[in-house]
Amino acid sequence: QVQLVESGGGLVQVGDSLRLSCTASGRTFSYYSMGWFRRAPGKEREFVGVITWSDNSTRYADSMKGRFTISGDNAKNTVYLQMSSLKPEDTAVYYCAARRSRSRPIFDDWGKGTQVIVSS
């Protein structure tokens, strides 16, 4: 069984930076990509960004571009989300997800999330 475990969340101030980490353990796969999603209070889950391991390319939601950076280590099944210039609207539970196959465009494995609270 695969486990994705996020860490690094917490309470920060407006304008602060924070780095989230996610590591897959257990019966892991050679993932095609790993990404981040978030769910703000009272809102739907939204896509944050993803890294594709074949070429280390990244893609972000438009609203995250410029402030959020995804990186990672494929060999360690670890992905990071560096967030800067945090705003109150970035308050959310952040989830890590992993996609196993290029041919099937869904995220197969999910973490339980880590809470980020941006206080003004």
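## The end of the chain

At 82% relative accessibility, serine 120 counts as exposed, because the cut-off for an exposed residue is a relative accessible area over 50%. This residue of the predicted model has its place in the segment that comes after strand β11. If its neighbours within four places in sequence are left aside, serine 120 is in contact with Val14 and Pro88.

A distance to another part of the chain helps to place this residue: glycine 8 lies 112 residues apart from serine 120 along the chain, and the C-alpha atoms of the two are separated by 19 Å.

## The chain as a whole

How many helices and how many strands does the chain have? There are 0 helices and 11 strands, so that the pattern read along the sequence is β-β-β-β-β-β-β-β-β-β-β.

The C-alpha trace spans about 40 × 25 × 25 Å along its principal axes. The radius of gyration of the chain is 14 Å, which agrees with the value near 14 Å that a compact globule of 120 residues would have. Of these 120 residues, 42% count as buried. Among the contacts in the chain with a separation of 6 or more, 53% are accounted for by residues that stand 24 or more positions apart.

## An open sheet of four strands

One sheet in the model is open and consists of 4 strands, which follow the order β1-β3-β8-β7 and pair in the antiparallel sense. Its edge strands are β1, covering residues 2–7, and β7, covering residues 68–73, and each of them pairs on one side only. From one strand to the next, the twist averages 15°.

Strand β1 can be followed residue by residue. It is joined by 6 bridges to strand β3, which covers residues 18–26, and the two strands run antiparallel. Within this pairing, serine 25 is the bridge partner of glutamine 3, while leucine 4 stands opposite alanine 24. The side chains along β1 alternate: Val2, Leu4 and Glu6 point to one face and are buried, whereas Gln3, Val5 and Ser7 point to the other face and are not buried.

## Strand β9 and its partners

Which strands pair with β9 over the bridges described here? Strand β4 is joined to β9 by 7 bridges and runs antiparallel to it, and in this pairing methionine 34 stands opposite alanine 98. Strand β11 also pairs with β9 in the antiparallel sense, over 3 bridges, with tyrosine 94 standing opposite threonine 114. Strand β10, made of residues 109–110, is joined to β9 by 2 bridges, again with the strands running antiparallel, and here alanine 97 stands opposite tryptophan 110.

Strand β9 is mostly covered, since 7 of its 8 residues are buried.

## The nonpolar core

The largest nonpolar core has 29 residues, and those with the most contacts inside it are Leu4, Met34, Trp36, Leu81, Met83 and Tyr94. Several strands contribute to this core: β1, β3, β4 (33–39), β5 (45–52), β7, β8 (78–83), β9 (92–99) and β11 (114–119) each supply at least two of its residues.

Leucine 4, one of the residues with the most contacts inside the core, shows how parts of the chain meet. Not counting residues up to four places away in sequence, leucine 4 touches Cys22, Thr23, Ala24, Tyr31, Met34, Cys96, Ala97, Ala98, Asp109, Trp110, Gly111 and Lys112.

## The disulfide

Which cysteines does the disulfide join? The chain has a count of 1 disulfide, and this link joins cysteine 22 to cysteine 96, with a distance from S to S of 2.1 Å. The pair links distant parts of the chain, because cysteine 22 belongs to strand β3 and cysteine 96 to strand β9, 74 residues apart. With -75° about the S-S bond, the link is left-handed.

Are these two cysteines buried or exposed? Cysteine 22 has a relative accessible area of 0% and is therefore buried, as the cut-off for a buried residue is under 20%. Cysteine 96 likewise has a relative accessible area of 0%, so this residue is buried too. Both cysteines are also among the residues that leucine 4 touches.

How values were computed. Residues are numbered from 1 along each chain as its sequence is written. This is a predicted model: local features need pLDDT of at least 70, side-chain atom pairs count only at pLDDT 80 or more; totals for chains, interfaces and linings use all residues. Side-chain values use heavy atoms; hydrogens and water are left out. Two strands pair if DSSP finds at least two bridges between them. Axes are lines fitted to C-alpha atoms, for helices over the stretch in contact, and angles run from 0 to 180 degrees between N-to-C directions. A nonpolar core is a set of buried Ala, Val, Leu, Ile, Met, Phe, Trp, Tyr and Cys residues joined through side-chain atoms within 4.5 Å. Buried means under 20% relative accessible area, exposed over 50%, partly exposed in between (1.4 Å probe, protein chains only). Contact means heavy atoms within 4.5 Å. A disulfide is a pair of cysteine sulfur atoms within 2.5 Å. The radius of gyration is taken over C-alpha atoms; the globule rule is 2.2 Å times the number of residues to the power 0.38.
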